[in-house]
Amino acid sequence: SSDLFILVPALLGLKGNLEMTLAARLSTAANTGGMETAAAQKSIILGNLALIQAQALVVGTLASFAAVLFGWLSDGVLKIEDTLLLCASSLVTASVASLVLGSFMILVILLSKRWNVNPDNVATPIAASLGDLVTLALLSGTSNALYHKLVASRHLWVMWLLCSVFLCLIPVWIYISYRNPMTRKVLSSG
């Protein structure tokens, strides 16, 4: 589907910003002493992983809607198979990429702190370079797998289910982020 070509830059751009801001938030916490104790690390890590999941799923939803809309406006045709494929691919990719990259950013920042390296000098460039690569690879693999396994065999209900589950998880991630004092403010301002 040509709509997938519309989705790629939107998803990559938005997802890249999420990883970079995560790296910056965690680096700031590490540099200002906010990650000195195990309890503080746990709180910051869990809150930020929940926050980035919420943000990623919202971004994935918006990017897929934009791709569907622009594809529909340019082609004049709206096919449910393509819409479901874009939505499911975008949401799965956004969520998995955020989990993988967020976890990796946490590891990089904790190791930088342990080795007395400023995480600002390490984490943000890694987030910038790996974010697009990981997201593009996941989007390619996810959309290819969903197309060949589900669209071709007419198992569209699975994509409905995927979209529904990921969309229903957004309020859960928001609730977890809101309950964490380290990420509550970011929900309303970031």
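Let us start at helix α1, which covers residues 3–31: its 29 residues reach 42 Å from the first C-alpha to the last, close to the 42 Å expected at 1.5 Å a residue. Please keep in mind that this is a predicted model. Just after α1 comes glycine 33, whose phi is positive at about 85°.

Follow the chain onward to α2, which spans residues 38–75. This helix has 38 residues, and its first and last C-alpha atoms lie 54 Å apart, close to the 56 Å expected at 1.5 Å a residue. A glycine with positive phi turns up here too: glycine 76, placed just after α2, has a value of about 75°.

With those two helices in view, step back to the whole chain. The protein has six helices and zero strands, so from the N terminus the order of elements reads α-α-α-α-α-α. Its radius of gyration is 18 Å, close to the 16 Å that the globule rule gives for 190 residues, so the protein is as compact as a globular protein of that length. Along the principal axes, the C-alpha atoms fill a box of roughly 55 × 30 × 30 Å. Buried residues make up 43% of the 190. If you look at contacts between residues at least 6 apart in sequence, 80% of them join residues at least 24 apart.

Threonine 93 gives a good view of such packing at the level of one residue. You will find threonine 93 in helix α3, which runs over residues 80–114. Is threonine 93 buried or exposed? It counts as buried because its relative accessible area is 1%, and the cut-off for buried is under 20%. Leaving aside residues up to four places away in sequence, threonine 93 touches Leu11, Thr135, Leu138, Leu139 and Thr142. Leu11 falls within α1, residues 3–31, while the other contacts, including Thr135 and Thr142, fall within α4, residues 119–151.

Now move to the loop between α3 and α4, where asparagine 116 sits. Phi of asparagine 116 is near 55°, a positive value in a residue other than glycine. Asparagine 116 counts as exposed because its relative accessibility is 73%, and exposed means over 50%.

Another asparagine makes a useful stop further along the chain. Asparagine 180 belongs to the loop between α5 and α6, the latter covering residues 184–189. Despite that loop position, asparagine 180 is buried, with a relative accessible area of 8%. Apart from residues up to four places away in sequence, asparagine 180 touches Ser43 and Gly47. Its C-alpha atom is separated by 23 Å from that of lysine 113, a residue 67 places away along the chain.

Finally, turn to the empty space between the helices. Rolling a probe the size of a water molecule over the atoms shows where empty space is left. The largest pocket holds about 170 Å³ of space. Which residues line the largest pocket? They are Ser64, Phe65, Val68, Thr83, Leu84, Cys87, Trp160, Cys163, Ser164 and Leu167. The elements that give two or more residues to this lining are α2, α3 and α5 (156–179). The largest share, four residues, comes from α5. By class, the lining has seven nonpolar, three polar and no charged residues.

Key:
Residues are numbered from 1 along each chain as its sequence is written. This is a predicted model: local features need pLDDT of at least 70, side-chain atom pairs count only at pLDDT 80 or more; totals for chains, interfaces and linings use all residues. Side-chain values use heavy atoms; hydrogens and water are left out. On a 1 Å grid over the protein atoms alone, a cavity is a set of points where a 1.4 Å probe fits but cannot get out, and a pocket is an open set with protein on both sides within 12 Å along at least five of seven lines; lining residues have an atom within 4 Å of a point. Grid points are joined across faces, edges and corners, and a volume is the space filled by probe spheres set on the points. Ala, Val, Leu, Ile, Met, Phe, Trp, Tyr, Cys and Pro count as nonpolar, Asp, Glu, Lys and Arg as charged, and the others, Gly among them, as polar. The expected span of a helix is 1.5 Å times one less than its number of residues. The radius of gyration is taken over C-alpha atoms; the globule rule is 2.2 Å times the number of residues to the power 0.38. Buried means under 20% relative accessible area, exposed over 50%, partly exposed in between (1.4 Å probe, protein chains only). Contact means heavy atoms within 4.5 Å.
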